[in-house]
Amino acid sequence: GEAQAGGRVVSLLLPARLSDASHVAAAVLRRLGVRPRPRTPSGQYQPAALFTDRGVRVVSVEGLLSLASGSGAGTGHYGGGAARALLLEGGQWLWPPVEVGHAHELTDLVAPGVVTRVVTLSLKPLVVEVENFLDGGENGHIIERAKPHMAKSGVALKDADKGKAAKEFRTSSQYFLPTTRDPTLEKIDRRVSWLTRIPISHAEYIQVLKYNHLEHYSAHHDYFDPAAYASNQQMLRSVEHGAKNRLATVFFYLNSLVGEGEAPESGGGQTNFPRAATAAYPDGGPPVHDYFDCSRGLSVYPQEGKIIIFYSMLPNGEMDDYSLHGGCDVLFSNATKWSANFWLWNKPYHFVDPARRRATKELTEEWI
């Protein structure tokens with residue numbers, strides 16, 4: 001067979017009886033001189049994996065050969081892709097950004113016959129947006145379910161920040177909303193999984209957020225860097241000393257802050273990525289010194305029903321320092337921004353119930 005990496009084509013011979021696509025992935029990496037990461041004190045890094053260019057995991061050599069023949073390119077929920085496989089060293093799917101403005105078009109995700117566009121906003125960090133992912137009833141349902149339970153947000157303090165109050169970083173309110181025994185939320189669970197191509201068994205519950213006038217969250221990462229939590233043994237165990245972490249954030253905008261025709265920046269409340277690549281900094285912005293400054297990099301403004309996905313990990317499974325982001329001040333005195341985080345890990349998480357098991361089974365049955 002042949003594999004291409006960085007414009008270079010390499011050939012490799014594989015045993016005729018090989019049946020597991022993970023062995024093919026490992027052989028390709030060996031041929032390219034990429035060594036597997038050593039085991040951490042509490043876990044093993046994800047092995048590399050193969051996917052179709054629509055994110056369907058390739059688990060068998062038979063599936064891989066079906067792509068080569070063209071019969072597998074149209075397989076499953078996201079048919080219509082090219083006859084090729086993508087090898088991701090980190091072992092989980094990320095939407096290929098291609099270039100800013102590029103759109104992947106997915107059919108039947110939100111509703112039968114409806115085309116959903118996954119549009120690249122940034123390559124560094126990788127940020128994509130999807131408009132009209134949630135409808136008005138779903139936005140309102142999440143808000144109403146969370147409203148009675150909202151409380152001031154906390155933070156997981158790094159070693160360097162011990163002794164500080166959460167309000168020094170974050171002044172919003174939050175509630176972790178379980179998706180169990182709620183048909184609307186279970187439907188959203190399933191849709192998030194189909195969009196990201198990551199099993200819902202890897203997800204936390206929805207963290208609903210409320211920002212009032214001038215409330216914010218300073219720039220931060222969603223991943224947990226083991227080096228920053230060296231004295232927190234519980235945290236180190238939970239992230240397996242670096243082998244397990246938050247991979248992607250699906251961020252819901254549950255309401256808009258400005259009316260039609262109004263400039264979005266007038267209402268504030270944007271999600272800001274201060275180190276995102278720009279024309280001035282095509283390789284990514286410089287280190288940040290003012291973590292409350294929302295004037296640099298990329299800003300995405302609230303729009304009801306829209307979501308963004310940003311990736312805290314690179315395709316090779318390493319943490320992406322450029323994924324630094326913050327929630328900026330709401331500028332209207334009488335406005336409230338409602339939003340939500342949906343965090344997906346690179347390995348299974350522990351919030352699994354019967355509905356999530358069913359949704360995971362449904363997704364994995366699409367694998368070839």
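Trainee: How many bridges join strand 13 and strand 18, and in which sense do they pair?

Mentor: Two strands count as paired if DSSP finds at least two bridges between them, and strands themselves are DSSP runs of E with at least two residues, just as helices are runs of H or I with at least four, both numbered from the N terminus. In this predicted model, strand 13 pairs with strand 18 (residues 337-345) in the antiparallel sense over seven bridges, and within that pairing Phe251 stands opposite Asn341 in strand 18. Strand 13 also pairs with strand 16 (residues 307-311), again antiparallel, over five bridges, where Ala248 faces Tyr311.

Trainee: Is strand 13 largely enclosed or left open by the rest of the structure?

Mentor: A residue is called buried under 20% relative accessible area, exposed over 50%, and partly exposed in between, with a 1.4 Å probe and protein chains only. By that rule eight of the eight residues of strand 13 (residues 246-253) are buried, so this strand is largely enclosed by the rest of the structure; for the chain, 50% of the 368 residues count as buried.

Trainee: Which strands stand at the edges of the open sheet with the order 4-3-5?

Mentor: In a regular strand the side chains alternate between the two faces of the sheet. Here the open sheet has three strands with antiparallel pairing, in the order 4-3-5. Strand 4 (57-58) and strand 5 (85-88) are the edge strands, each with a single partner strand, so one side of each has no neighbour in the sheet. Strand 3 (residues 49-52) and strand 5 pair antiparallel over four bridges, with Phe51 opposite Leu86.

Trainee: Which residues of helix 1 are buried?

Mentor: An α-helix has 3.6 residues a turn, so residues three or four places apart point the same way. In helix 1 (residues 21-31) the buried residues are Ala21, Val24, Ala25, Ala27, Val28 and Leu29, and just after this helix Gly33 takes a positive phi of about 80 degrees.

Trainee: What does the radius of gyration say about the chain?

Mentor: The radius is taken over C-alpha atoms, and the globule rule is 2.2 Å times the number of residues to the power 0.38. For 368 residues a compact globule would have a value near 21 Å, and the chain has 21 Å, which agrees.

Trainee: What conventions should I keep in mind?

Mentor: Residues are numbered from 1 along each chain as its sequence is written, and side-chain values use heavy atoms, leaving out hydrogens and water. Because the model is predicted, local features need pLDDT of at least 70 and side-chain atom pairs count only at pLDDT 80 or more, whereas totals for chains, interfaces and linings use all residues.
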